[in-house]
Amino acid sequence: MSETLSPRSLDEALQRLADTPDCIPIAGCTDWMVKDALARADAPPLLDLLRVEELCGVEKEGAGLRIGATTSFSTLRGHAEVRARYPILAEVASLIGGRQIQNRATLGGNIVNASPAGDSLPVLLALDAELELASIHGSRRLPYAEFHTGYRETARGANELLVAIHLPAPPPYQRFRKVGTRRAQAISKVVVALCADTADGRWSKLRVAAGSVAPTPLRLKVTETVVEGMPLGMEAAEAAAEAARGEVEPIDDVRSSAHYRRWVLGRVIRRLFSGCLDAPPGTV
């Protein structure tokens, strides 16, 4: 069984990480605990971060929010400020696993786990989040768009912890859609987040992101460029759908085919841009 280290402060956690470089930082542990790694005789030590108060909670920060890395999805789902200003983050928090998972799973864990199917990751990309990383040598801020460097690979240094997620002022238009085998407790086949400003009847300041369609969560920058400045309406929605299908490289796996993922992505993008969010449950 693994040894568990349980620091009570951020400084202690960073020192423990520096002193025990092979340890695995954990929080809700909803992914790590289902692996057989814990049962191995040579399992690495675990650095339990849930008792570190500095890593948890939501607070205002200028026009945006600072969210501690170990903040649970249940907290985000029910937080008044998140629900009012970042509804797509509250929505995705309500769709990750069931209530038991949401009570344990953390936003930082979803990020560092770095699965391309992580539901919250396209939302953070679309919200233009920044990450705060820290080590015994100091802290740094990194645009979330630069964090994922490859399949389950990140820019987090071996001696660093993810401390917080910083959100800028909320965009006026926010939309999110997840497609899975079931309506609940399903790994995403396609997940899409869209943020924009539509005040003057045109698409502007577009940020479109998708998951489960590439080795990493992906900003759809070609789609953004194609639609930027177009009037709201079906012409823009069709252009966005066509562009999105052309800039992803999904794979075939046990959950879906690449062809299906590309087709569904186009349909979801079309609906998000056309405002057709009242489709019957389970349809695309």
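**View 1. Helices H9 and H10 make a right-handed crossing.** This close-up comes from a predicted model. The two helix axes come within 8 Å of each other, and they cross at roughly 155 degrees. An angle over 145 degrees counts as roughly antiparallel, so that is how H9 runs relative to H10. On the H9 side, the contact is made by Met234, Ala237, Glu238, Ala240, Ala241, Ala244 and Arg245. H10 brings in Arg262, Trp263, Leu265, Gly266, Arg267, Ile269, Arg270, Phe273 and Ser274. Sort the residues of this contact by character and you get nine nonpolar, two polar and five charged.

**View 2. Here is helix H9 by itself, covering residues 234-246.** Count along the helix and you'll find 13 residues. From the first C-alpha to the last, H9 reaches 19 Å, close to the 18 Å expected at 1.5 Å a residue. Look for its buried residues and you'll meet Ala236, Ala237, Ala240, Ala241, Ala243 and Ala244. These buried residues pack against helix H8 (221-227) as well as helix H10 (258-274).

**View 3. Val208 sits in strand E13, which spans residues 204-211.** Val208 is buried, with a relative accessible area of just 1%. Set aside the neighbours within four places in sequence, and Val208 is in contact with Val192, Ala193, Leu194, Leu218, Arg219, Leu220, Glu224, Ile269 and Phe273. Two of those names, Ile269 and Phe273, also turned up on the H10 side of the contact with H9. Another residue to pick out here is Thr223: it lies 15 residues from Val208 along the chain, and their C-alpha atoms are separated by 7.5 Å.

**View 4. Ser115 lies in the loop between helix H6 (107-113) and helix H7 (120-126).** Is this loop residue buried or exposed? Ser115 has a relative accessible area of 15%, and the cut-off for buried is under 20%, so Ser115 counts as buried. Leaving out neighbours within four places in sequence, Ser115 is in contact with Leu121 and Arg152.

**View 5. Stepping back, the whole protein has 10 helices and 14 strands.** Of its 284 residues, 51% count as buried. What about contacts between residues at least 6 apart in sequence? Among those, 59% join residues at least 24 apart.

Conventions: Residues are numbered from 1 along each chain as its sequence is written. This is a predicted model: local features need pLDDT of at least 70, side-chain atom pairs count only at pLDDT 80 or more; totals for chains, interfaces and linings use all residues. Side-chain values use heavy atoms; hydrogens and water are left out. Helices (H or I, at least four residues) and strands (E, at least two) are DSSP runs, numbered from the N terminus. The expected span of a helix is 1.5 Å times one less than its number of residues. Buried means under 20% relative accessible area, exposed over 50%, partly exposed in between (1.4 Å probe, protein chains only). Contact means heavy atoms within 4.5 Å. Axes are lines fitted to C-alpha atoms, for helices over the stretch in contact, and angles run from 0 to 180 degrees between N-to-C directions. Angles under 35 degrees count as roughly parallel, over 145 as roughly antiparallel, 65 to 115 as roughly perpendicular and the rest as oblique. A crossing is left-handed if the near helix is turned anticlockwise from the far one by less than a right angle, and right-handed if clockwise. Ala, Val, Leu, Ile, Met, Phe, Trp, Tyr, Cys and Pro count as nonpolar, Asp, Glu, Lys and Arg as charged, and the others, Gly among them, as polar.
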